[in-house]
Every structure is written in C-alpha cells, then in structure tokens.
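I opened a fresh page for this one and kept my notes short. Here is what I looked up, entry by entry.

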Amino acid sequence: MFARISANNYKLISIILLIGLALYVRIHNLDHESLWMDEIRQTSYYANSLSEIIDNSTSQSQPPLDYWIGHFVHFFSSSDFTVRLPAALFGTGSVLMLVMIISQISSWTVAVVFGIVSAFLPFNLYYSQEARPYAIAVFLFLCIIWSLNH
C-alpha cells in the first residue's frame, strides 16, 4: 500500500514540513501589531540611497546589511507585513540552520526535535516578527557555526 520511505526521503519530508511550520508561525499575523517606534525609525531609512543608508546605519551603530535588504523590500511595499517579512524569512532560515548544525553532531531525529522546539520558542518568534536586524544576526551566526563545523 505505502512504499517504504528511504532515509533521504524521510529527511527531505521532515525538513519541508518543519520549514513550512516554522514559516507559517512566523508569517501568521505578522502585521497584527503596528510597527514599534524602533521599527519605524529603522524603516524610515529604507527610502534613502544605498550610500545614505551606510551613513545612517553607522549613526545607529548597526551594520548596513539589514537596511540594504529593507531598501530593496521597500520598492515592493512599505506595509508592516512587507517590512517584517525579511526577519520572518531569516528566522525560518535559522530553524533550518539549527537542524543542519545539530544533525552534524547528533542523530537526525534529535535535530528535528531541536528544530521543532526552535520553531516555537517565544524568543525566536518575537525577534522573527520585528523589522529589526536581530533575526538576520542569529541566522548569520548559525551559518558561521555550520561552516566552521562543516
């Protein structure tokens, strides 16, 4: 009736389901609350040129990458949902990176359990739904750890 699922297919199916779940919980009601004051300040720089964004980001003591991403997203829309979407995507990517890191040092089942826990942690959800550079910092940090261990 059902064909036996190979180990590779099991991994692929579990990662697709996990990423879909993580993305859903981050995007669901993404624009439910209006932007906070710090998010409004950050998004106010998105309409500037790329060189002006560098100057503005140094006055904020933040690297310009998140501002540049916001600059390009701002071309599509400046709605609350749109400016928060990159953080939600990087937060979802962080769940994937965590699974990849844990799978290198433990079993796939343990890695998926860690991914499920990470997908629902309130701290991770909160910062994946803010138009601030927190989610991208976590994602890039996990990418560095994965590349050092790979």
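**Entry 1: helices, and one residue in them.** Before naming any element, I noted that helices here are DSSP runs of H or I with at least four residues, numbered from the N terminus. On that basis I placed asparagine 56 in helix H3, residues 50-59. I also wrote down that this is a predicted model. Asparagine 56 has a relative accessible area of 19%, and buried means under 20%, so I logged asparagine 56 as buried. I then took a distance from there: the C-alpha atoms of asparagine 56 and serine 103 are separated by 40 Å, with their positions 47 residues apart along the chain.

**Entry 2: the whole chain.** How many helices and strands does the protein chain have? I found 8 helices and 0 strands. Read from the N terminus, the elements run α-α-α-α-α-α-α-α. Along the principal axes, the C-alpha trace spans about 60 × 35 × 25 Å. I also looked up burial: of the 150 residues in the protein chain, 38% are buried.

**Entry 3: salt bridges.** I noted the general idea beforehand: side chains of opposite charge can pair when their charged atoms come close. The count came to 2 salt bridges.

The pair I took up to begin with was arginine 132 with aspartate 38, whose side chains meet at 3.4 Å, N to O. This pair links distant parts of the chain, 94 residues apart: arginine 132 sits in the loop between helix H7 (122-127) and helix H8 (134-149), while aspartate 38 belongs to helix H2. Are these two partners buried or exposed? Arginine 132 counts as buried at 9% relative accessibility, whereas aspartate 38 is partly exposed at 33%.

The other pair I wrote down was arginine 84 with glutamate 39, where the closest N and O atoms are 2.9 Å apart. Arginine 84 lies in helix H5 and glutamate 39 in helix H2, so this bridge ties together parts that are 45 residues apart in sequence. For burial, I have arginine 84 at 3% relative accessibility, which counts as buried. Glutamate 39 is at 0% and counts as buried too.

**Entry 4: the largest pocket.** I moved on to empty space. Rolling a probe the size of a water molecule over the atoms shows where such space is left. The largest pocket has a volume of about 210 Å³. Which residues line the largest pocket? I listed His28, Asn29, Leu30, His32, Glu33, Trp36, Arg84, Tyr126, Gln129 and Glu130. By class, that lining has 3 nonpolar, 4 polar and 3 charged residues. Arg84 from the salt bridge entry is one of the lining residues.

**Entry 5: asparagine 29.** This pocket residue got an entry of its own. Most residues other than glycine have a negative phi. Asparagine 29 has a positive phi of about 60° although it is not a glycine. I found asparagine 29 in the loop between H1 and helix H2 (37-43). With a relative accessible area of 45%, asparagine 29 is partly exposed.

**Entry 6: the cavity.** I found 1 cavity of 30 Å³ or more. The largest cavity has a volume of about 60 Å³. Its lining includes Tyr46, Asp66, Ile69, Val73, Pro86 and Arg132, and Glu130 is listed there as well as in the lining of the largest pocket. Which helices each supply at least two residues of the cavity lining? They are helix H4 (65-74) and helix H5 (80-105). By class, the cavity lining has 7 nonpolar, 2 polar and 3 charged residues.

**Entry 7: a surface patch.** I then turned to the outside. Ile5, Tyr10, Ile13 and Leu17 form a nonpolar patch on the surface, with about 420 Å² of accessible area together. I followed up on isoleucine 13, which lies in helix H1 (residues 7-27). At 44% relative accessibility, isoleucine 13 counts as partly exposed.

**Entry 8: valine 113.** My last lookup was in helix H6 (residues 108-120), where valine 113 is found. Valine 113 counts as partly exposed at 46% relative accessibility. From valine 113 to valine 99 is 8.5 Å, C-alpha to C-alpha, and the two are 14 residues apart in sequence.

Conventions:
Residues are numbered from 1 along each chain as its sequence is written. This is a predicted model: local features need pLDDT of at least 70, side-chain atom pairs count only at pLDDT 80 or more; totals for chains, interfaces and linings use all residues. Side-chain values use heavy atoms; hydrogens and water are left out. Patches are made of residues with over 30% relative accessible area and no salt bridge: like charges are joined within 9 Å, nonpolar side chains (Val, Leu, Ile, Met, Phe, Trp, Tyr) within 5 Å. Accessible areas come from the Shrake-Rupley method with a 1.4 Å probe; for residues, only the protein chains shown count as cover. A salt bridge is a side-chain nitrogen of Lys or Arg within 4 Å of a carboxyl oxygen of Asp or Glu. Buried means under 20% relative accessible area, exposed over 50%, partly exposed in between (1.4 Å probe, protein chains only). On a 1 Å grid over the protein atoms alone, a cavity is a set of points where a 1.4 Å probe fits but cannot get out, and a pocket is an open set with protein on both sides within 12 Å along at least five of seven lines; lining residues have an atom within 4 Å of a point. Grid points are joined across faces, edges and corners, and a volume is the space filled by probe spheres set on the points. Ala, Val, Leu, Ile, Met, Phe, Trp, Tyr, Cys and Pro count as nonpolar, Asp, Glu, Lys and Arg as charged, and the others, Gly among them, as polar.
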